[in-house]
Amino acid sequence: MDSLKNKLVNNIEIFNNQVIPFHLKKVEAIKNNGVYNKMINWVIGEFDLYLKNESENLKVYFPNGWFSIRCIKSENNKDLLEINVEGKSRIACERIMFRLDSIYNHVVRFNEVRMVEFA
C-alpha cells in the first residue's frame, strides 16, 4: 500500500493556478451626478445578458473577467468616475474598456448638447 502511495505522489504534477489577470483602470472627473446615472443606465442596458451586481456600484461579469463602475470623491470633494476592468485576456479587457469608454463619451456629449439646448 505504501509503495502505491509513493507511486501516486511521484506521478502527480501540481500546476500553479494563479493566473495574473489583466487590470485596466480609468478615472475621469464628472461634472454632475446625472452623467454618472445615465452612464450606469446605459451600461446596464448594453450588458443586459451578463451577470450583474448593482449594489453600491455596478459590477458586471463577462467570460473570464469582470468590470466595475463607481463614483468616488476626490480630495477636493469632486465626483470621479472610476472604471475597472479585470480579466484573463488582455484583448477582451481592452475591448470591454473601449466599449465602456465609448458609452461614457457618448453620454458626456449627449449631456453637453442637452445643456446647450436648454441654455
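Accessible areas come from the Shrake-Rupley method with a 1.4 Å probe. By this method, the accessible surface of the protein chain in this predicted model comes to about 8900 Å². Carbon and sulfur atoms account for 53% of that surface. Turning from the outside to the inside, 27% of the 119 residues of the chain count as buried.

The chain is built from three helices and five strands, and following the sequence gives the order α-β-α-β-β-β-β-α. Contacts also link distant parts of the sequence: among those between residues at least 6 apart, 56% join residues at least 24 apart.

Helix H2, residues 33-46, makes a friendly worked example. Its 14 residues, at 1.5 Å a residue, should span 20 Å, and the end C-alpha atoms are indeed 20 Å apart, so expectation and model agree. The buried residues of H2 are Val 35, Tyr 36, Met 39, Ile 40, Val 43 and Ile 44. These residues cover an arc of only 165 degrees around the axis, which puts them on the same side of H2. The spacing makes sense because an α-helix has 3.6 residues a turn, so residues three or four places apart point the same way. Asn 41 and Gly 45, on the other side of H2, are exposed.

Finally, the cysteines deserve a look. A disulfide is a covalent bond between the sulfur atoms of two cysteines, and a search of the whole structure finds zero of them. Cys 93 has a relative accessibility of 1% and therefore counts as buried, the cut-off being under 20%. Cys 71 has a relative accessible area of 30%, which means that Cys 71 is partly exposed.

Key:
Residues are numbered from 1 along each chain as its sequence is written. This is a predicted model: local features need pLDDT of at least 70, side-chain atom pairs count only at pLDDT 80 or more; totals for chains, interfaces and linings use all residues. Side-chain values use heavy atoms; hydrogens and water are left out. Helices (H or I, at least four residues) and strands (E, at least two) are DSSP runs, numbered from the N terminus. The expected span of a helix is 1.5 Å times one less than its number of residues. Buried means under 20% relative accessible area, exposed over 50%, partly exposed in between (1.4 Å probe, protein chains only). The arc is that of the directions from the helix axis to the C-beta atoms. Contact means heavy atoms within 4.5 Å. A disulfide is a pair of cysteine sulfur atoms within 2.5 Å.
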